[in-house]
Amino acid sequence: MSQVLLIEDHQTVRDGLQLALTRQGHTVHAVGTGEQGLERLRAAPSDVVVLDLMLPGMDGFEVCRRIRQLGDLPIIMLTARNDDMDVVAGLEAGADDYVVKPVQARVLEARIRAVLRRTGGDSRRGGERAGLEQHGALTIDRAALVVSKDGTPVSLAPTELRLLLELSHTPGQVLSRQQLLEAVWEHGYLGDSRLVDACVQRVRAKIEADSSAPVFIQTVRGFGYRFGPL
Amino acid sequence: MTFWRSVAAQASSLRVRLLLAFALLGVTTTAVVASGSYFQARTVILQQAQDAAVMSLTDQLTKVYPIAQLPPTQNDLDLLAQRLSDREGFAVVIYRDMRAQGSQTPAPLSPELRAEVGDGQIAWQRVSQDGRPWLLIGTQLRLERPDGTAHPSGLEVYSVRDLVPEQQSIDQLATRAWWTGGLSLLLAVLLALLSARGVLRPVRDLGRAARRLGEGDLSTRLTVRGVDELADVARTFNDTAGTLERQVGELRRMESDARRFVADVSHELRTPLAAMTAVTDVLDEEAEHLPGDAGRAARLVSQETQNLTHLVNDLIEISRFDSGTARLALDDVDVGAAVTATLRIRGWTDRVRADLPPAVVARLDPRRLDVIVANLVGNAFRHGAEPVTVRVSADPDWVTIEVADQGPGLDPEVLPHVFDRFYKADTARTRSEGSGLGLAISWENARLHRHGERRGALVAGNAPGGGAVFTLRLPRETTDTGGAR
C-alpha cells in the first residue's frame, strides 16, 4: 500500500509499531538510528517517515531537517514526552504532524493516511475549480498542484501545499485554526493549533516577500487566518 | 476614643515607660539634691549675715558705752543713732516716746520685736517691706549700778540692715538649682532615649526577624551583639530558625524526591507501554478469532494497557504541574464554540443542555479548556444524573463555565476533597472509570491561567435545588504562560 520508514530506537516499540502497521497493509522498513534512516532514504524511496524525536546519535530534529532538505517527504513525529518544547521544535524543523507515545496503531495509521492524502492526488480539495488561479505574484495550479511565484515554482511540502490550497480556495474569508486542522490535518477532535501556526510560518517563509508583514496569509487575531485580500 | 486608646497604647510601650522612669529618677534626684543644698546654703548665708550684724552691733555698742545719764535728751538719741549707723545699716534708738533714726528709710519695727526687746532680750527678725528684705536686730542697753548689778535702761537700740546682697546670692543659688535640675532632666531623657534604643533595637530586630520567618524566609538570622539576655534571645532565635530551615529543607527535598520519582517512574513506564499500546489493536482484532479464555485474556490485556496508558499520561501531566514545567499554549478562543466542539467530539451534544452566549472570546489554552470541560461533563454523567447543563457567562474580566447535574449532589464530607489526587468518594468505584486524577488535573489546569492578580479557579459545590455544580472561572486575558507555581 505505502512505503513507511520507521525510525525508532527502542526495539520493542519499533517491533510493535512495525507489526501493527504491516497488518494495516503498509510496507514498513524499521531502523534504530537517524543515520540508518537517512541512508535508507537515499537507497530506496519511501512515502512517509515516522520519526522518533529521542534518538541516540543524531537527534530527531536534525534528522527531520535533513529529510526536508532531501525533498517534501511527509514526516510524522513520535514524541516520547508530551513536551511542548519538543513539539514546537519538531514542527519548526519541518514535521507535518505529531503523535504522542504511547500511541495506538490505528491513531498513527489514521495520521499516516491523512498525510498521504495530502501528498497524493486522491482527494484534491478545490480541484473542482480546475485551471490556473492568479493571486498577485502567486500562481496556483489546482490541477497540477503547482504553486509558482513570479513564474518560478515554489517547493512546498504536501501539508504546506494543502494549507495554501485550503486558504486560497476562499480568498478573503477567515478560517479558524480548528477549521484548518480539520480540513488539512483531518484532526477530528480538538487539535493542536501550533500545527497550523508552524505550518503557516513555513509557507510564509516560502511565498511572502516579507514574513513579518505577510500579504498572502494574514493573521486575524482572535479568529484565525485569511488568504488576502491582496 | 481611638485617640485615647492610641495614647494608652503609646504609654504602655516599652520606650515610653523607660523614658518616664528615667525622667522621674532624674527629676527626683535633682530636686532632692538641689533643694537640699539650696536650703542649706540659704540658711548659712542668712545665719552669717545675722551673726555679722549682731557682732557689729555689739561692737558698736561697746564703743558708745557708757552712755550719759538717763533719761536722755532727743539730742542724745539722735547722736547715738548717728554713731551706730554705718554703711551696712542704720540704727534706730528708742527711749520711751522718743525716737531717733540714722536714716530716712522707715524702719519696719514690729510690735513682737519691740515686746521681746522690751523684755531685755536680744531679738532679731527678718521682714520684707516694699519688696526689700530687711534684718532687724534689737537690744536694750543695760545700766550698771554702783553695787555691780545691771538693770535695763529702757533705751532700745535696733540695727536695721538691708539683706539685698544676701537675697541676690540666694536668688542666684535658686537659679543655679533650677538650671541644674533642667540640665539633669535633659540628661536623664537623653540617657533614657539612648538606653531605650539600646534595648528596643534588638527587640525590634527580633520582631522583624520573627515576622520574616513567619512569612517563609527561613534563612532569616539575627546578629548577636553582646552577652546580655537579649543576646541570649537572639541566639535562641537563630538556633530555632536554623533547625526549622534544616527540617523544612529536608521535608522539601524528600517531597521533591518523591515527585521526581513519580515523574521518572512514569517516563520509564512509557517505553514498554508504547510497545504494548502499539499492538493493542492487533490483540483486539485477534481476540475475535481466539477461542474462549485466550480471547478474553487478549481483550483484558488490551483494555488494561489502555487504562494504564491513561494513568501514566495523567501522572506525567500532574508531575509537570508539580515541577512547574507545565506551559500554556494561548490562543484567542470563542469559549462557546470551544465548549460546543468539546461536546460534539465526544458525542455528548444531545445529552447536554448548553447555554452558550455567542462571541465570548477569551485568551486561554484551548487544549486545557477542553480537558477541563470534558472532565467535568464526564464526571457529571458518571456520578450525577442527567440532564447535565453547561452554562457560559462572562464579564469584562472573567469567563465562567458552570457544569451542573441533577444527581444527589456532593456529600459535604467529600466536598473539601474532590480535587485531591486519587480521592475516591465511593470506595466501590472501580478504576476503569478514570485514573482518579481527572479533577486534580482540571484544577491545576484552571490555576495555570493567570493574569496579574487574577488567577483561574475551579470550585465544587451543590446547587440549592440539589445536584453538583462545578464552576470554572478563568481570566479573560491570560498573560502568564504557566510555569512557576
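1. A word on angles before we start: axes are lines fitted to C-alpha atoms, and angles run from 0 to 180 degrees between N-to-C directions. With that in hand, α7(A) can be placed: this helix lies across β10 and β12 of chain A and runs at about 80 degrees to β10(A). Please keep in mind throughout that this is a predicted model.

2. The sheet under α7(A) deserves a look next. Three strands of chain A form an open sheet in the order β10-β12-β11, with antiparallel pairing. Its edge strands are β10 (174-176) and β11 (217-220) of chain A, each of which pairs on one side only. Between neighbouring strands of this sheet the average turn is 35 degrees, direction ignored.

3. Within that sheet, β11(A) and strand β12 (residues 224-227) of chain A run antiparallel and are joined by four bridges. If you want a residue pair to find the register, A:V220 stands opposite A:G224 in β12(A).

4. Chain A also has a parallel sheet. Five strands make up this open sheet, in the order β2-β1-β3-β4-β5 (chain A). At its edges stand β2 and β5 (97-100) of chain A, each with a single partner strand, so one side of each is left without a neighbour in the sheet. From one strand to the next, the twist averages 20 degrees.

5. For the register here, look at β1(A) and strand β3 (residues 48-52) of chain A, which pair in the parallel sense over four bridges. A:L6 stands opposite A:V50 in β3(A). Helix α2(A) packs on the sheet, where it touches β1 and β2 of chain A, and its direction makes about 160 degrees with that of β1(A). Another helix, α5(A), lies across β1, β3, β4 (75-79) and β5 of chain A and runs at about 180 degrees to β5(A).

6. Which residues of helix α2 (residues 34-43) of chain A are buried? They are A:G34, A:G37, A:L38 and A:L41. These residues cover an arc of only 95 degrees around the axis, which puts them on the same side of α2(A). The spacing fits a familiar rule: an α-helix has 3.6 residues a turn, so residues three or four places apart point the same way. The cover over the buried residues of α2(A) includes β1 (3-7), β2 (27-31) and α3 (60-70) of chain A. On the face turned away from the buried side, α2(A) carries the exposed residues A:E39 and A:A43.

7. Moving on to the interface, 27 residues of chain A are in contact with 25 residues of chain B. On the chain A side, the elements giving two or more residues are α1 (11-23), α5 (105-119), α7 (177-185) and α8 (193-207). The largest share, seven residues, comes from α1(A). By class, this side has 10 nonpolar, nine polar and eight charged residues. Note that two helices already met above, α5(A) and α7(A), are among these contributors.

8. Finally, a helix pair in chain B. Helix α9 (residues 366-383) and helix α10 (residues 438-448) of chain B pack at an angle of about 145 degrees, with their axes 9 Å apart. The crossing of α9(B) past α10(B) is left-handed. From α9(B), the residues in contact are B:R368, B:V371, B:I372, B:N375, B:L376 and B:N379. They meet B:G438, B:L439, B:I441, B:S442, B:N445, B:A446 and B:L448 in α10(B). Sorted by class, the contact has seven nonpolar, five polar and one charged residues.

Terms used:
Residues numbered from 1 in each chain as written. Chains lettered and ligands numbered in written order. Predicted model: local features only at pLDDT ≥ 70, side-chain atom pairs only at ≥ 80, totals over all residues. Contact = placed C-beta atoms within 7 Å. Nonpolar A, V, L, I, M, F, W, Y, C, P; charged D, E, K, R; others polar. Left-handed = near helix turned anticlockwise from the far one by under 90°. Buried ≥ 20, exposed ≤ 12 C-beta atoms within 10 Å, placed from the backbone. Arc of directions from axis to C-beta. Pairing = 2+ DSSP bridges.
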